[in-house]
Amino acid sequence: MIFETHAHYDDEAFDEDRQELLSSMKDAGIGNIVNIGANMASSHASIELAHSYDFIYAAVGVHPSDSAELDEDKLEELRLLSRDERCLAIGEIGLDYYWPEPDHDLQKKWFRRQIALAKEEKLPIVIHSRDAAADTLSILKEENAAENGGVVHCFSYSAEIAKQCVDMGFYIGVGGVITFKNGRRLKETVDMLPLENIILETDSPYLAPTPYRGKRNCSLYLPLVADAIAEIKGVPAEEVIRITEENARKMYRIDG
Ligand code: NI
């Protein structure tokens, strides 16, 4: 079954039909979902969701755009959340230079601290990196994040940078952008990488694939992403689904 490695079902975009939607996943071939935290509130909400549905797991962490809310107490709160039996990773964490705030030094500080936290708790990391490739790579190297493992989610850089991330032991998260007309760079990346380095994600409610681009995204659209990858790789979609599920289980360290 399809393994959805990155979604935000705690988002208010799902307030009206969350339960109905999540209950329809299994019949549509969506096996597991990891709900990803982006700030303190959504980290708590992710853990709650993971306790409400047996096929949902959680990641907890603070997104670079929300890193101004972090302090030592909050970091300890994240640590306790991360010890929950349903929590598989620290994330999403990283650097986002698309927006001017928060300042880069603050983003870098909390990216490093959350990598360290993941290391102490022996968890992989879910990395968000936008317009910040060079700093992201140097922090991953300096913090020896290869030891953590994890994923560069919603990968938006060149195939050359993807290669460097994979060489460090990270998976590349591929979602709706692969179906976009202007998704040429991601298509080149997927063409270059073995399927063994790729995992499927939506980032729901964001980044819905064509023909739903601009609308609310959800994991039910993941077959469109699998089809697009299958076409690039010249293999059946079932093979994409099978291999990326194995990859996700390895990355999130789920047995069986
Ligand atoms: Ni996300």
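Reader: Is histidine 8 buried or exposed in this structure?
Author: First, the fine print: this is a predicted model, where local features need pLDDT of at least 70, side-chain atom pairs count only at pLDDT 80 or more, and totals for chains, interfaces and linings use all residues. Residues are numbered from 1 along each chain as its sequence is written, and side-chain values leave out hydrogens and water and use heavy atoms. Relative accessible area (1.4 Å probe, protein chains only) sorts residues into buried at under 20%, exposed at over 50%, and partly exposed in between. Histidine 8 comes in at 7%, so call it buried.

Reader: And what is the relative accessible area of histidine 6?
Author: Histidine 6 also falls in the buried class. Its relative accessible area is just 1%.

Reader: Which residues coordinate the nickel ion?
Author: Donors are N, O and S atoms within 2.8 Å of the metal (3.2 Å for Na, K and Ca), and with water not among the atoms, a site may look incomplete. Here the donors sit at 2.2 Å. In sequence they follow the spacing H-x1-H-x83-E-x110-D. The residues are His6 (NE2), His8 (NE2), Glu92 (OE) and Asp203 (OD).

Reader: What geometry does the site of the nickel ion have?
Author: Four donors are tetrahedral if all angles lie between 85 and 135 degrees; four are square planar, and six octahedral, if opposite donors are over 155 degrees apart and all others between 65 and 115; anything else is irregular. The angles among the four donor atoms here run from 87 to 173 degrees. That makes the site irregular.

Reader: How many disulfides are there?
Author: A disulfide takes a pair of cysteine sulfur atoms within 2.5 Å. Take cysteine 154, which is partly exposed at 23%: the closest cysteine sulfur is in cysteine 165, 13 Å away, so that is too far for a bond. By this rule the count is zero.

Reader: How many residues of strand S2 are buried?
Author: Strands (E, at least two residues) and helices (H or I, at least four) are DSSP runs numbered from the N terminus, and two strands pair if DSSP finds at least two bridges between them. S2 (residues 30–36) pairs in the parallel sense with S1 (residues 2–7) over four bridges, and another four join S2 to S3 (residues 56–60), also parallel. S2 is largely enclosed by the rest of the structure, because the buried count is seven of the seven.

Reader: In S3, which residue is the bridge partner of valine 34?
Author: Valine 34 is in the S2–S3 pairing, where the strands run parallel. Its partner in S3 is tyrosine 57.
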